[in-house]
Amino acid sequence: MASELIQAVRGMKDILPEQVNLWQQAEQALRDVFAAYAYQEIRLPLIEKTELFSRTIGEATDIVAKEMYTFTDRNGDSLTLRPEGTAGCVRAGIEHGLFHNRQQKVWYMGPMFRHERPQKGRYRQFHQAGVEAFGFPGPDVDAELIAMCVRIFKVLDLAGLELQINSLGTPQSRATYRDMLVGYLAGYEDQLDADSRSRLQTNPLRILDSKSPATQEVLSGAPDIRDTWDSESQQHFDGLCAALRQLQIRFTVNPRLVRGLDYYSRTVFEWVSRDLGAQGTVCAGGRYDGLVQLLGHKTAVPAAGFALGLERLVELMLQNGVDAGTAPDVYLAMSGPGTRDLGMRVAEDLRDRGHSVQWHCGEGSLKSQIKRADKSGATIALIIGDDELAANSVTVKPLRSDREQVTIAVAQIGERLSGYFEH
Ligand code: HAM
């Protein structure tokens with residue numbers, strides 16, 4: 001009996017060669033933008049102590065309560081595959097003294113793990129590029145983070161992303177709001193969806209995110225978080241709005257935007273695309289002024305950051321028609337004794353000049369090789385047959401334009417070919 005095929009774990013996606021170029025383009029653009037804002041890379045472990053996440057993200061959040069990949073290792077320690085990068089970043093910063101009288105601006109990129117119900121745009125292993133700024137209390141850094149997102153979308157030619165912002169105030173004002181919201185919603189408990197009803201005790205602010213129309217109806221009369229902001233939070237928010245206007249960045253204030261992690265205070269924001277269906281949030285973040293001290297640092301360190309979902313970014317690139325660009329510049333077709341030796345030299349010479357060259361492996365008539373060249377997406381085919389070999393030349397066959405086929409001397413390849421690849 002044939003054994004059953006082993007498939008990838010549900011929700012963990014392979015990134016196949018035809019898409020990997022888009023990923024690399026996205027990753028390069030991100031690195032360039034992070035460097036343009038003078039942020040430095042930090043590389044962190046994929047596994048941390050479970051407590052790191054439960055203490056920072058919050059016991060009552062979906063991430064900690066339902067979605068973590070937690071296991072006991074051989075020493076009996078409870079460990080967790082990181083569901084996000086902020087907590088690890090703060091842990092590392094404290095552990096290595098990065099916050100001692102210093103400001104820090106860092107970025108990271110890599111896989112995260114959450115046991116969510118998989119669907120388009122939502123996976124159990126997914127990738128984030130994240131940015132964290134430590135030691136900056138003012139709204140200018142919030143605006144800088146948002147400007148960085150704008151630049152990422154601009155570099156990648158992505159349209160249709162909308163910015164929503166809100167403020168969660170201070171922990172005290174948030175507690176006041178929480179009480180007001182619970183007080184209001186308690187009067188409508190029987191009209192709430194089941195999830196929201198159970199959140200009433202555990203995590204009432206998340207009810208604001210409910211997709212249930214009945215719950216949304218109830219929420220239309222709910223208290224507004226803005227009424228509970230203290231004056232400093234109000235000032236901070238006004239400062240951010242002014243900076244965004246100065247930068248000509250359009251935004252919507254969404255007083256129901258609360259985020260799914262407990263560590264935020266004051267500014268929160270999300271970039272949402274309507275082109276991605278239910279999982280439309282491409283990028284999200286905010287300020288977390290209390291987190292560094294919560295994890296044991298002696299002094300408070302104001303902090304803010306965001307993380308961008310790479311699967312969603314790449315999907316948007318596909319939808320916006322960004323060229324996957326996997327094709328080689330040149331496909332080299334050879335037929336006849338000795339032609340492969342010349343072909344080898346020509347291919348290496350072209351690679352020295354910075355071109356990508358796909359070498360035809362194995363045999364086959366020139367006709368079938370040209371068919372393959374066409375399929376490869378190459379810009380031109382270079383053909384070396386008996387005649388070319390005798391004259392130390394190559395024939396250039398343009399594959400994507402009406403230009404004539406020409407035969408050129410090998411010595412002229414450098415100067416004659418560059419014209420084919422100008423964009
Ligand atoms: P988050 O909102 O949990 O925030 O995730 C940020 C982004 O990661 C989301 O907007 C989405 O694009 C992507 N993402 C999250 N879960 C999944 C999933 N299951 N599948 C695919 N993509 C997903 C954070 O993680 C915070 N650490 C962000 C932050 C950094 N705040 C301050 N600094």
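**Salt bridges and a central strand: a short talk**

Let me begin with helix H12, residues 339-352, where Glu 348 and Arg 351 sit 3 residues apart and are therefore separated by about one helical turn. Helices here are DSSP runs of H or I with at least four residues, strands are runs of E with at least two, and both are numbered from the N terminus. Before going on, I should say that this is a predicted model, in which local features need pLDDT of at least 70 and side-chain atom pairs count only at pLDDT 80 or more, while totals for chains, interfaces and linings use all residues. Residues are numbered from 1 along each chain as its sequence is written, and side-chain values use heavy atoms, with hydrogens and water left out.

Glu 348 and Arg 351 form a salt bridge, with their closest N and O atoms 3.0 Å apart; the term means a side-chain nitrogen of Lys or Arg within 4 Å of a carboxyl oxygen of Asp or Glu. Glu 348 is partly exposed at a relative accessible area of 41%, and Arg 351 is partly exposed as well, at 33%. For these words, buried means under 20% relative accessible area, exposed means over 50%, and partly exposed lies in between, using a 1.4 Å probe and protein chains only.

How many salt bridges does a search of the whole structure find? The search gives 19, and among them I would like to follow those of Asp 62. In helix H3, residues 62-67, Asp 62 and Lys 66 lie 4 residues apart, about one turn of the helix, and they form a salt bridge whose closest N and O atoms are 3.5 Å apart. Asp 62 counts as partly exposed because its relative accessibility is 23%, whereas Lys 66, at 54%, counts as exposed.

Asp 62 also meets the side chain of Arg 199 in a salt bridge, at 2.7 Å from N to O. This pair links distant parts of the chain, since Asp 62 is in helix H3 and Arg 199 is in helix H7, residues 194-202, 137 residues away. Arg 199 has a relative accessibility of 15%, so this residue counts as buried.

Finally, let us turn to strand S7, residues 161-167, where 5 of the 7 residues are buried. S7 pairs with strand S9, residues 267-273, in the antiparallel sense over 7 bridges, pairing being assigned if DSSP finds at least two bridges between two strands. S7 also pairs with strand S8, residues 252-253, in the parallel sense over 2 bridges. Gln 164 has a bridge partner in each, namely Glu 270 in S9 and Thr 252 in S8.
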